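Trainee: Could you take me through a close look at how one pair of helices packs here, and then show me what else is worth seeing around it?

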Amino acid sequence: MNATDLARHTPMMQQYWRIKAEHPSVLLLYRMGDFYELFHDDAERGARLLNLTLTTRGASAGVPIKMAGVPVVSVEQYLGKLVKLGESVAICEQVGDVATSKGPVERKVVRVVTPGTVTETSLLSDKANAPLLSLAPPTRRNGMIGLAWLILSSGELRAASVPAARLASELARIAPSEVLIADGWTDALHALIDALPCASQARPDWHFDAARGEALLKEQLQVAALDAYGIADAPEILAACAALLDYARATQGSHLPHIASIQRESTSDFIALDPITRRNLEITETLRGADGPTLFKLLDHCVTSMGSRRLRQWLHHPLRDRTEAGHRHQSIEELLASEPARERLGAELREIPDIERIATRIALGSARPRELCALRQALPHVSRAAAVLQVASAPLLDDLRDQLRIPPGLQTLLSSALLAEPAYAVRDGDVVAPGFDSELDELRALRDHTGQFLIDLEARERARTGIGTLRVEYNRVHGFYIEVTHGQTARVPDDYRRRQTLKGAERYITPELKAFEDKALSARERALTREKALYEKIVVDSAQYVMQLQRCANALASIDALLALANHAQLARWVRPQLVEAAQIDIRNARHPVVERECETYVPNDCTLRFGRRLLVITGPNMGGKSTYMRSVALIVLLAYAGSYVPATLATLGPIDSIQTRIGAADDLARGRSTFMVEMTEAAAILNSATETSLVLMDEIGRGTSTFDGMALAAAIARELVEKNCSMTLFATHYFELTQLAEQHPEIANVHVAAAEASGKVVFLHEVRDGPANQSYGLAVAQLAGVASTVIRRARLLLVQMEERALGTRPQLDLFLTTPAPAVPDTAENDPLRERLRSIDLDALSPREAHVLLDELKREALRG
């Protein structure tokens, strides 16, 4: 809007449009008294998103002003809804003095709330972080993409460099709430970001400047060089940091004093889990996208929000470092050794609030009185938790205990400064403790003891004047006054000054009452003003302890997560895994941690993969437990390297660099891909990236096309995984012909999930045994699913005919022989048994007749 157009508006709307021009793409909440108002297009959009009433009030520049508003006291409720919808909101506050402003009171945007820059506890998930991620375009030097992400609510700043091929896996690992991306990225990369379930912001390319990133980081971390952080020679990371810090500072209106370090991560630090694997293993979301039952929900016995977030992070970031994972195992082992210590530690942790997020709000100057009060009450419990760990010998627990030290000055400050139960917000008053400030105490005395002063003054004036009917009173119009009836006015002293004449009385003011009135009428406002200034100083004084609080919160989160894992290990009878150098997976009595809790009985199974036995072909019926078996192995590996005990009686595991899965498939109609295309794309990704230390799960590959095509592809993929990738592979299939691979390759072995048939019904034993399955029980499973009996009978008849045709006139060639199979003699002619089978009318037989007939046929076949 140009100056001419702006001049046509009212002064207030001129102010609004100037501020709106600085934030054109976000909703602007404009403070007006006790409401935040949205105007014009923002009002229409906000009314639609928040279900607000859209009104029109007055006009500016000849245009009706559309408005929609929310009360100040409940603004967080509405902010929460907007953030969940991926919206960003600018908060415009009144910063000037209403009483002294001649025109519109001065206003300015104090911060911008976005999905990745939220710090309010009420707007954040207790059990998950909300990272803000910045992606810098690939550099010409090495083609690496720069990633920098910030968890603003904790002050955690991390960075990494990845090739474009690994970007999807990194995005799944970081799980950002908001992504910053350069305008100049390719359409393919923009499409990848747009597909993420989070908000994204396109930023000008010049925001991603490595030189500016280096300068901003040096300023933020207060260092002269960045070599100690391992990012000085990574321009892609510096470029990502430039956009990230600029954006975060702009939204918060501050220099983010709680960010004091940056940690560079490497793809070799963690076991790689691509988005498909994270979904298939149901770590924090089920395949249906729901919250539970999941691995995280099963293990989350944490008593603090910090612990839940740390546990979630560990599960999504299994370590490749056996030593670090072993330290967690050792800590769990020590916690398991003393149940009283675990109970005492849990009791202390239950009394501790989310110190991590409180520390951030202190640093940003937005901590609320009750948050500081909760922190004050928690500090003794932190000390007692440290005392419980005093006898700990595990190196990790010993290190965590040392981080629980907080200087006593913080406890002293908060104890002396705050009321025992302060108001929710400082604007409500009654936050600062009595005795902390003498001026505030005096103002409160005036505010709270007005009534007693008037009673005392009335008594003194009656005694001084001898007027027994004299009254000292107050009203909002005339303030304080002394009222005397007309019959007594001759006895009024000389220092009385007439304030008002009534029909039957006169009202007066005295110098003493006037002085008290000046103090009393302004006492509440002056007390609130004084208390606000004092509280802001308390927050500033508390900020010097933010770094110690962050270290303490980090330790408490890990202690709580370890305690949760220890408690579950005891509850579920889990064991400590052994992490070894040799490439192998040797698990005895493996159990699926989630499925085990959902069923009455669970059949555990063994799994052995090693040199000379790298691929298991798993056959057996649908619903027999093949997928559950494979997932149980993968989850045990993930748990072990996340630092947890595992659901087995023995688990010896070698190095693992990635877990890759191809389990199930569905159409991806939005991207024009069929089920089979999705299946082959996932298989190709595995073949291109799996190594000899990868764990690969392949479930029913090749089922989305014709039988021979699918079988040929499955066989070729299995051989490739063994001969070229050399991966440790679990390969489930319904192609029984694939079991012949074990005869041709020494590194392939057959196992099957056992089942039995009784009285015409299949019984799933869920037991994994050596060797191939002898049948698939497909018709029995269909019967269990409720398929009509007439359909089942017809299917049995068709199955017999198909098998006869396959074994008779059109024998199926062995796909895995290099020479043609010998011809199968045609013995169908003149075969009495076959002739009798053809003559049977199955639909006409009763169950007993069928049983007798089957017995006869069996004896006849044995005689033949």
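**A helix pair and its surroundings**

Mentor: Helices H24 and H25 run roughly parallel to each other, because the angle between them, about 15 degrees, falls under the 35 degrees that counts as roughly parallel. Please keep in mind that this is a predicted model. In general, two packed helices are described by the angle between their axes and the distance between the axes. For this pair, H24 covers residues 675–689 and H25 covers residues 707–725, and the axes lie 11 Å apart. The crossing of H24 and H25 is left-handed. On the H24 side, the contact is made by Phe 676, Met 680, Ala 683, Ile 686 and Leu 687. H25 brings Leu 713, Ile 717, Glu 720, Leu 721 and Asn 725 to the contact. Sorted by type, the residues of this contact come out as eight nonpolar, one polar and one charged.

Now follow the chain a little past H25. His 745 sits in the loop between helix H26 (741–744) and strand S26 (748–758). With a relative accessible area of 13%, His 745 is buried. Setting aside residues up to four places away in sequence, His 745 touches Arg 719, Val 722 and Glu 723. Those three numbers fall within the range of H25, residues 707–725.

Let's turn to the nonpolar cores. The largest nonpolar core has 115 residues, and those with the most contacts inside it are Leu 315 and Ile 585. Helix H21 (residues 546–572) gives this core its largest share, 16 residues. Ile 585 is a good residue to click on: leaving out residues up to four places away in sequence, it touches Cys 607, Thr 608, Leu 609, Val 633, Val 637, Thr 652, Leu 653, Ile 656, Leu 695 and Met 728.

There is also a second, separate core of 48 residues, which includes Ile 145, Leu 226, Ile 231 and Ile 259. Ile 145 leads us to a charged neighbour, Glu 236, whose C-alpha is 6.2 Å from that of Ile 145 although the two are 91 residues apart in sequence. Glu 236 lies in helix H8 (residues 235–252) and, at 3% relative accessibility, counts as buried. Beyond neighbours within four places in sequence, Glu 236 is in contact with Ala 136, Thr 139, Arg 141, Asn 142, Met 144, Ile 145, Gly 146 and Ser 161.

Two spots in the backbone also deserve a look. Most residues other than glycine have a negative phi. Glu 282, however, has a positive phi of about 50 degrees, and His 766 has one of about 55 degrees. Glu 282 is in the loop between helix H9 (275–280) and helix H10 (295–299), whereas His 766 is in strand S27 (residues 761–770). Both side chains belong to partly exposed residues: the relative accessible area is 21% for Glu 282 and 35% for His 766.

Finally, here is an exposed residue to set beside the buried ones. Leu 854, found in helix H30 (residues 847–863), is exposed, with a relative accessible area of 57%. The C-alpha atoms of Leu 854 and Ile 636 are separated by 46 Å, with their positions 218 residues apart along the chain.

How values were computed: Residues numbered from 1 in each chain as written. Predicted model: local features only at pLDDT ≥ 70, side-chain atom pairs only at ≥ 80, totals over all residues. Heavy atoms only, no water. Axes fitted to C-alpha atoms, helices over the stretch in contact; angles between N-to-C directions. Helix = DSSP H or I, 4+ residues; strand = E, 2+ residues; numbered from the N terminus. Parallel < 35°, antiparallel > 145°, perpendicular 65-115°, else oblique. Left-handed = near helix turned anticlockwise from the far one by under 90°. Contact = heavy atoms within 4.5 Å. Nonpolar A, V, L, I, M, F, W, Y, C, P; charged D, E, K, R; others polar. Core = buried A, V, L, I, M, F, W, Y, C linked by side-chain atoms within 4.5 Å. Buried < 20%, exposed > 50% of the residue type's maximum accessible area, 1.4 Å probe, protein only.
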